[in-house]
Amino acid sequence: MNADSGHRKGEIAELKSQLRQLAGSRAPGVEEVKRELYKKVISYMTIGIDVSSLFSEMVMCSATSDLVVKKMCYLYVGNYAKVHPDLALLTINFLQRDCQDDDPMIRGLALRSLCSLRVMNFVEYLVGSLRKGLKDNNGYVRQVAAMGVLKLYHIAPTACIENDFVATLKSMLSQDPDAQVVANCLCALEEILVLERTNSDRANKDREMLHSKQIVFSLLNRIKDFSEWAQCLVLDMVSKYIPVDPNETFDIMNLLEDRLQHSNSAVVLATIKVFLQLTISMADVHQQVYERIKAPLLTLISSGSPELSYAVLSHLHLLVMRAPILFSSDYKHFYCRYSDPSYVKKLKIEMLTAVASESNMYEIVTELSEYAANVDVGITREAIRAVGKIALNLCDVNAIVDRLLQFLEMERDYVTAETLVLVKDLVRKYPEWSHDCIAVVGNVSSKSIQEPKAKAALIWMLGEYSHDMLDAPYVLESFVDNWLEEDSPEVRLELLTAAAKIFFKRPPESQKLLGAALAAAVDDPDQDVHDKGLFYYRLLQQGVQTAESIVNPPKKAVSDFADIQNSEMRDRIFDEFNSLSVIYREPSYMFLDKEHRKLYEFSDEAAPTDVLPTQKLDANDNDLLLGAFDKEESQSGVSNGDDGPLSAPRSPSPTLLGDSVPPVSASNIPAAFGIDDLLGLNISTPPPPPPSLVLSSKPVLDSGTFQKKWSQLPVALSFEHPISAQSLKTTQPLLRHMQEKSVQCMASGGQSPTFKFFFFAQKADGMPGTGFFLVECLVHTSAGKASVKVKSEDSTFTAAFSDLFKSALSSFII
């Protein structure tokens, strides 16, 4: 034991003695002494010193009218009640007594501390105090009690439901005069009903009632009375409301019009989400909403902190990607300021790229060219990439190409590297500019380029436009001579292809170059480079013309480059507007659900030791039909005398050597015998019943794959099922309902009385196989029925899925 810990124990023992002396004392000045002692105890607790031994003394001294001492005592009790539930039992009496104090502040604090104990054995004491708190005359106590119901639900859900606390909160939601009490009731109800909906049909009905017209408009009429936090809560609930007709939509928007000028950015963004969600099925009005919300968002960008600007810019970027033309005239708002941090500058550069059009691209490119000389290397790279993206997205690129080529003359390694990558894409899309671009690229020294992507781009252009670059073979020779010094397989792969291309165009100068490249590739330790070298060697054996038609065929100009984020993903993020999904640019399940989050987590464990490194081929080995592993294993099958058992020789590939060895498949292997068969009874054991079907809550399937699967799979099941959809006016209610049942919508359309939906679902993790279920559903609202076609990748679960789908249709009520 060190001297410091002994000193601390002495201090705690002294505190214990002093607290015992003060317990029950009413001497003058005792409250001030208590306050100082409590402060010391709390300070020890906050720095990690265990002062739980003072629990009984702290409780005994809690009988005081000093509010500060009460607060510190409640803080102490709440901290140690979780760790020492046996000691927490000592607090029940004084907390219940304080719940009946004349001072409403003490009543509220005591009730909050009682609910925060989170001990299962104290539920019976908590229920009575909560019931009284919900009926208290003071609004602060009712606020605490409303949140206490939520805490009770997390401790004992059954006790919360059986004591009708949910019904009490519902009545307070529409009747309580205190706005903060209403907000707390709404918060507690939303969370409880979401957690309870899987266990109770009543919870689903209560949740629908919570989103009813009466509740929504009663809250909207009091929106100005709520705090900023409560306003965001109400607005989030309103965004889920489905108006009966357009008049309701306009009424809601009129009520919330002034919220767009609110000083709090959270309120503004929550209001914008309401406007966007309510008008998503009204195309003309939706476009007008974009015009209306533009000014508040641009104001927030320039008036807030850098962190706030970044958050607002992220939301604005999402809107710009959906309607870029509406923001093209406001491009100057996205110019970078010298005081902006780098993360804001990068996002502003993305915004400038997104809003660029034929009318403003020269001004934007001029501004971006200024950023290319920035001292921040990251900003310089982003600016150059932005100029390249604008050139690739627009048709009139005269001045833009000149700007890009000027970057190559700046003689900065990182500028040259980024520019070469962009020039490569530029000449792929605009072959007519290849002559001017290659003339400038030919002056770039290959020795000054160190980045793999830039090297690969330069090598590609050397191979593709070798007829315009006289020294192309000799530049490539220098790269091949330094083959082993090149660490990037990407560069070596591109170098091999460029050597083959230049051989087809200038054979006398490049025959030796190609031979050296093939030899180096065959000996390369990287499996991809090794295989590509073998492939080119075998291809050339079939004839030069055949090889050229495959390696260097006539190419058409590239019309569009693949977008990093498809429109389906952007739509999902749009549905989660005003959330972290917009900041992360991913739907919430990608960073919340464990099954998706693990894709982004990398293990620090060492690689398995039983994996053999790729072997090199012998230089004099002419049998190129076998790979490195083939030869090693076939050579290891030779008898080695008495040194060890013989290794079975590896069978050569039947497709290469022409053997008629049948491939191994499930049909070639006899099934394992069951126990009855071993006894000679010839009784076949029936297969076990398939497990019950569980659907993934967040299936992932893009539209292209859906169409491909839909065209390939046969219809497994067709049926008609009744559905209560007579009041269905838009597709959104059914989409949301099916999503709650783990069935996602790929596409929908139509209008009353007939709607058409394409749904999909996927088996959950742990289920055998990973098959999808595809559904075409025609809803006839006038007839009250749905015509359904099901296609399945796993016929074993088709019937089970159809039962789940029918159950989902049956539970849909509007």
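What share of the 814 residues in the protein chain is buried? In this predicted model, buried residues make up 46% of the chain. The secondary structure comprises 41 helices and 5 strands. Contacts often reach across the sequence: among those between residues at least 6 apart, 65% join residues at least 24 apart.

A good place to begin the tour is the nonpolar interior. In soluble globular proteins, nonpolar side chains tend to be buried together. Here the largest nonpolar core holds 208 residues, and V51, Y76, L316 and L319 have the most contacts inside it. Helix α12, spanning residues 179–196, supplies the largest share of this core, with 11 residues. The surroundings of L319 give a closer view: leaving out residues up to four places away in sequence, L319 touches L276, Y290, I293, L297, F327, F574 and F577. A second core, separate from the first, has 27 residues, among them F719, F757, F773 and V775.

The strands come next. Strands of a sheet pair through backbone hydrogen bonds, either parallel or antiparallel. In this model, 5 strands form an open sheet in the order β1-β5-β4-β3-β2, and the pairing is antiparallel. The edges are formed by β1 (717–722) and β2, each of which pairs on one side only. From one strand to the next, the twist averages 15°.

Individual pairings fill in the detail. Strands β2 and β3 are antiparallel and share 7 bridges, and the hairpin that joins β2 to β3 passes through 2 residues. Within this pairing, S748 has F757 of β3 as its bridge partner. Between β3 and β4, also antiparallel, there are 9 bridges. Here F759 stands opposite V775 of β4, while Q762 has F772 of β4 as its bridge partner. Two of the residues named in these pairings, F757 and V775, also belong to the second core.

Helices pack against this sheet. Helix α40 (residues 732–740) lies across β2, β3 and β4, and its direction is at about 20° to β3. Helix α41 (residues 798–810) touches β1, β3, β4 and β5, making an angle of about 20° with the direction of β1.

Helix α39 (residues 703–712) also meets these strands, and its two sides are worth separating. Which of its residues are buried? They are F706, K709 and W710. An α-helix has 3.6 residues a turn, so residues three or four places apart point the same way. Viewed down the axis of α39, the buried residues fall within an arc of 100°, so they line one face of the helix. Their cover includes β2 (744–751), β3 (754–762), β4 (772–780) and β5 (785–792). On the face turned away from the buried side sit Q707, K708, S711 and Q712, which are exposed. At the start of α39, a side-chain oxygen of D702 comes to within 2.8 Å of the backbone nitrogen of T705.

Two residues in other helices offer a contrast in burial. H154 lies in helix α9 (residues 139–155) and is partly exposed, with a relative accessible area of 42%. Beyond its neighbours within four places in sequence, H154 is in contact with E191 and L195. The side chains of H154 and E191 are joined by a polar contact of 2.9 Å. As for L195, this residue is 41 residues from H154 along the chain, and their C-alpha atoms are separated by 9.7 Å.

The other residue is E418, in helix α24 (residues 413–429). Is E418 buried or exposed? With a relative accessibility of 8%, E418 counts as buried, because the limit for burial is set at under 20% relative accessible area. Apart from residues up to four places away in sequence, E418 touches R381, I384 and R385.

Notes:
Residues numbered from 1 in each chain as written. Predicted model: local features only at pLDDT ≥ 70, side-chain atom pairs only at ≥ 80, totals over all residues. Heavy atoms only, no water. Buried < 20%, exposed > 50% of the residue type's maximum accessible area, 1.4 Å probe, protein only. Helix = DSSP H or I, 4+ residues; strand = E, 2+ residues; numbered from the N terminus. Arc of directions from axis to C-beta. Contact = heavy atoms within 4.5 Å. Polar contact = N/O pair within 3.5 Å; in protein donor to acceptor, adjacent residues only side chain to side chain. Pairing = 2+ DSSP bridges. Axes fitted to C-alpha atoms, helices over the stretch in contact; angles between N-to-C directions. Core = buried A, V, L, I, M, F, W, Y, C linked by side-chain atoms within 4.5 Å.
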